Amino acid sequence: MTRYPKIALLLFFTFCVNQLVYSQESDLPLEAEYGDAGTLLWLGSYNTLRLSDKLYWVAQHHFRTSNYDGTPWVGRMAQIYNRHALTYRFSDRFLFTLGPVLRINFTPEPGNEDFQSVTLEPRIWHEYMFPMSGYLGARSFVLQHRIRIEHRWSRSNRIDADWIYRDRWRYRITMKLPISRTTLQPKTFYATPLNVEIIMQSGKSVVNAPMEDLRIYPSVGYIFNTKLSVSVGLMYALGQNLGAGHQYRQRYVARINLWWTPDLRKFENRIPETKFFD
Amino acid sequence: MGLVFLALSQSAASTWYLRQTDSYMQRKKSGPIKLFSSAVSGILSCTFLIALISISTSLTFAQRVYEGPHQLTSNLSGTAIFQFEKVGNDTIYNGEFSFFSAERTGENDEILTGRNYFGIFKQGKKDGNWTYEFKRFETEATPVLRGYDIVKPGTGEDRFISGTFRDGIAHGPWKVLHQKISRGEASDSLLSARAQLSNGQFSGRIYGVFPEVKVNGAFDVNGMLHDTWKIQHVLDDGIKLEEFRVYQNGKFIKHYFELLGQQFEVLHSGFDTTEDENEVWEDIPVSPTYFNLIYHSTTDVVSSAAIAVPEELEGDKAKDFISITNDYLKSLLFSFSQDNGTGVWDELPGSEPIATGMLRLRVYDYPEEDLKKLRKARDLYKNSQKIIQAFFKDTQIDISRHSYEEINYFYKVMAQYDYSSRQLGEVAKMLTHDAFKYVDREVVYEKIAPEIEYPDSVQYEFKDEVYTRHFDFPEIAKINGHAAYLHDHLSVIHMDLIQIEEQIGKTLEQYKKQSQLAELEKSLVEKRDSVAALYKNQFNRADFNEYHQRLSTQIIELVEHEFRSYANEKLEVKLSLIDAKLECISSALKVYEMQTKIPTRIDQIDELYTRTVWSPYTMTYMDERLKERVYRAYETVLIPLVLDDMENNISCETLLVKQKNMVKLYQKMLNIREQDTRDIERELRRETNPHRVMEILELNLDLN
């Protein structure tokens, strides 16, 4: 790993520890309370359009539903995500992304007039990606460290709810491993056995619930070609409720993702790249 | 000139003055005046003296002397001493001139060759007595004592010419002397000649004495051969045979021999001796051409008295004497101006050429068309002789005729054609000679016409047996005139010679092949075995691949079949087949080598059509296929097509051609890689028909 990723990770963990220390000092009940696990369905399209040799346009869209009123997974609409950004690939081992998000939040209680049917949640996000590769026996794998920092303005769907500003601090480690072949390449099944993300939050409104989410998300996928891939998985998420840090919500999220990465460069500019690592 | 005038005037003035003052002094007897007049006279004398010295000096500077190395001509250099003047940038010989050259050659430098010139130039022109000397001696290795000198005697020859020039033109008595020198002393005279030249031409009598012949001739005032020319031959038994050629102001009017007091006239055909009206006559210089004319126009020797022509003059013997006379006359007439065929006096500037005598001859009309035919006939003769001589000089033919009857047969035919072409060709050559414009060719031809009779067949000996074989020699009619006859006859001979040459070439080639057949067959067997071993992979070569495997059986069968079919043939057929069979089996070997490259080429195309891209979702590099439809068409349609075609159409003629299809396909894929193939890929969508695919890709394969 290069010097800069190491420093960034160190700072990040220092912050996390700081937050934990701070949260330990607050006045909380003696035992944690775990809510019933909700079931959600996230349908996502992750589109990365190559604009030039190093520049990409990220366009991610989620269609999220949630259990409601006895109907699991698809009881109600939950959110629609629109995450866009520009990514610059400094090298094969470091990418930087910056862009906006507009999340549409649907009422948690459809039909309840105390709630607005939709609220908007804008964000600005920036991301620092550190991919690495290696071999497990004959199989190659990819290990990614991702630091994502979001600055979000949100409000509850309750009528006359106030806007709150929070920062989100996310760290994710992912490992992709080919199953049907030895390398990740077209026409290959792959697995992501390791996909763990911790999302911390901070802000004036965050008093005793610094850990927004801990996500564990194993999945499997198939690479059609260099431009198209799909994956399915079940994510377990555990997080503190804002304002009641002793209460932990649990969710099982079924995720189906489509990955699309077209190359928008002109034909003559698509020069074969040199492999730095495989 | 100015200085001379000044000096003379000074002298005159000085003398006059001295006389005047002297008489005056005598009258006056005054001291100062006397002193003054003495001084003046002294000054005048000095002036005169100075002027005289100046004149002589300027004269001395105007004419210079050179002594040193001198390049007389491009291949004659030596030492020269001569006087000359410089006029602008030009050097004008003026005064005495001498040139010596000496060259040593031979293994031990024992051969000495020298040339000398002595004479006088007057303002760049030869004037007065001039001599030329040529010496060539081989000196003995051992010196001898001669008088008080120690010398190395030489043996060789000495040639000497002396004569006088007047203002650059030969004029006066001239002499020539050629001698043999033996051990430093004159031993034999090869030629002793004298003549009188006037204004560059011979005039009056001319004498020449050779060891075998004496000549006594004359010229008129215009340099024309004139009067009776007597040439004395000495026969083996010592008897003198005299030949007389009578001229009248250049016209050759009589020719006869005299032996033991009897005259025998020499008849010439086509030679006119009387000048009539409406005839064209020319004055020409004596030349070898003229002497040829005399010789070739000689037809007979007749006796005026009632006695037979003597044996010494019978048949061609008279012509032999005439030829000898011609040679000596040529030598004599040219000896004053040439040495060994090279002009002597031309080496130096300042003289006109010396004429060799003039003759007056009649010019005969001759049709231009006939002349053209004769010239063509002459060329045909030349070309025919080239073929014939090449044939006889060919060592292979010389050797082969003892082994092969056919060559022997043609050898005899060639010999016949050699004889007949010479007979015809020499006549054609002669008639086209410049000299023959002065004879009536028709008349001459009647006397010299060749009589060629061809046999029906040729006889030859081969391996101690005598064979007789027919050959179609030509029969040419003589009805169209001699020029047409000579031309047509030589033309047919030339064509026959070309055909014979071709046929012999083929025959020799076949014989050569026969002798080489054993070697060629050995090569055939070796190649056949190589093909079988390679395709069975007996050598366990690393480059043996699936493509070899695929065609292995068919190729081995093909090669075996070709070999067997050859082996069962007769010898004559084998000779014609061996090259083709070798070619076929060599092709099979080439195919093997080409097939070793197929996997590499396929891999190259695979690599060329693979692009590595960085994937944002796997964060790795992934290979993707470029121009996928094109590659798929290549991989799934065209390669199988080419391979199947190769496998199903194996023959000697198609082996290499089918392999080249693979190369064409490879080249096409290389070319397409760099092109924008959007349209092509659109057309290739779901297209599996091979011919349509080839059409879309503009690929032209040789398929069955």
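**Exercise 1. Getting to know the two chains**

How many helices and strands make up the secondary structure of chain A? Work this out first, then describe chain B in the same terms.

*Solution.* Keep in mind as you go that this is a predicted model.
- Step 1: Chain A has one helix and twelve strands.
- Step 2: Reading from the N terminus, the order of elements in chain A is α-β-β-β-β-β-β-β-β-β-β-β-β.
- Step 3: Turn to chain B, whose secondary structure comes to 15 helices and 27 strands.
- Step 4: Now look at burial. Chain A has 278 residues, of which 48% count as buried; chain B has 704 residues, of which 44% count as buried.
- Step 5: Finally, take the contacts between residues at least 6 apart in sequence. In chain A, 57% of these join residues at least 24 apart, and the figure for chain B is 57% as well.

**Exercise 2. Where the chains meet**

Describe the interface of chain B and chain A, including its salt bridges.

*Solution.*
- Step 1: Count the residues in contact: 17 from chain B and 32 from chain A.
- Step 2: Add the area. About 2,200 Å² is buried between the two chains, and carbon and sulfur atoms give 63% of it.
- Step 3: Check for charged pairs. Zero salt bridges are found across this interface, while the structure holds 54 over all chains.

**Exercise 3. A helix with two sides**

Which residues of helix H8 (residues 441-448) of chain B are buried, and which exposed residues does the face turned away from the buried side carry?

*Solution.*
- Step 1: Pick out the residues with under 20% relative accessible area. In H8(B) the buried residues are B:Arg441, B:Val444, B:Tyr445 and B:Ile448.
- Step 2: Look down the helix axis. The buried residues of H8(B) fall within an arc of 100 degrees, so they line one face of the helix.
- Step 3: Turn to the face pointing away from the buried side, where you will find the exposed residues B:Glu446 and B:Lys447.
- Step 4: Ask what lies over the buried residues. Their cover includes four helices of chain B: H3 (288-297), H5 (368-393), H7 (405-432) and H9 (482-535).

**Exercise 4. Finding the cores**

Which residues touch the most other members of the largest nonpolar core, and which helix gives the most to this core?

*Solution.*
- Step 1: Start with a general idea: in soluble globular proteins, nonpolar side chains tend to be buried together.
- Step 2: The largest nonpolar core here has 110 residues, and those touching the most other members are B:Phe97, B:Tyr117, B:Trp229, B:Trp345 and B:Leu486.
- Step 3: H7(B) gives the most to this core, contributing twelve residues.
- Step 4: Zoom in on B:Tyr117. Leaving aside residues up to four places away in sequence, its contacts include B:Leu72, B:Phe97, B:Phe99, B:Trp130, B:Trp345 and B:Leu348.
- Step 5: Another core, of 54 residues, lies apart from the largest one; among its members are B:Leu558, B:Met669, B:Ile680 and B:Leu684.

**Exercise 5. A hairpin**

How many bridges join strand S1 (residues 63-73) of chain B to strand S2 (residues 76-87) of chain B?

*Solution.*
- Step 1: Ten bridges join S1(B) and S2(B), and the two strands run antiparallel.
- Step 2: With two residues between them, these strands form a hairpin.
- Step 3: To line the strands up, find B:His70, which stands opposite B:Gly78 in S2(B).

**Exercise 6. Comparing salt bridges**

Locate the salt bridges of B:Glu140 with B:Arg183 and of B:Arg564 with B:Glu560, and describe their settings.

*Solution.*
- Step 1: The side chains of B:Glu140 and B:Arg183 meet with an N to O distance of 2.7 Å.
- Step 2: Place the partners. B:Glu140 is in the loop between strands S6 (128-139) and S7 (144-146) of chain B, and B:Arg183 is in the loop between strands S11 (172-182) and S12 (185-198), so this pair, 43 residues apart, links distant parts of the chain.
- Step 3: Check accessibility. B:Glu140 is partly exposed at 24%, and B:Arg183 is partly exposed at 40%.
- Step 4: For B:Arg564 and B:Glu560, the closest N and O atoms are 3.8 Å apart.
- Step 5: Both of these residues lie in helix H10 (residues 546-567) of chain B, four residues apart, about one turn of the helix.
- Step 6: B:Arg564 is partly exposed with a relative accessible area of 47%, and B:Glu560 is partly exposed at 24%.

Notes: Residues are numbered from 1 along each chain as its sequence is written. Chains are lettered from A and ligands numbered from 1 in the order in which they are written. This is a predicted model: local features need pLDDT of at least 70, side-chain atom pairs count only at pLDDT 80 or more; totals for chains, interfaces and linings use all residues. Side-chain values use heavy atoms; hydrogens and water are left out. Buried means under 20% relative accessible area, exposed over 50%, partly exposed in between (1.4 Å probe, protein chains only). The arc is that of the directions from the helix axis to the C-beta atoms. Contact means heavy atoms within 4.5 Å. A nonpolar core is a set of buried Ala, Val, Leu, Ile, Met, Phe, Trp, Tyr and Cys residues joined through side-chain atoms within 4.5 Å. Two strands pair if DSSP finds at least two bridges between them. Buried area is the accessible area (1.4 Å probe) that two parts lose on being put together, summed over both. A salt bridge is a side-chain nitrogen of Lys or Arg within 4 Å of a carboxyl oxygen of Asp or Glu.
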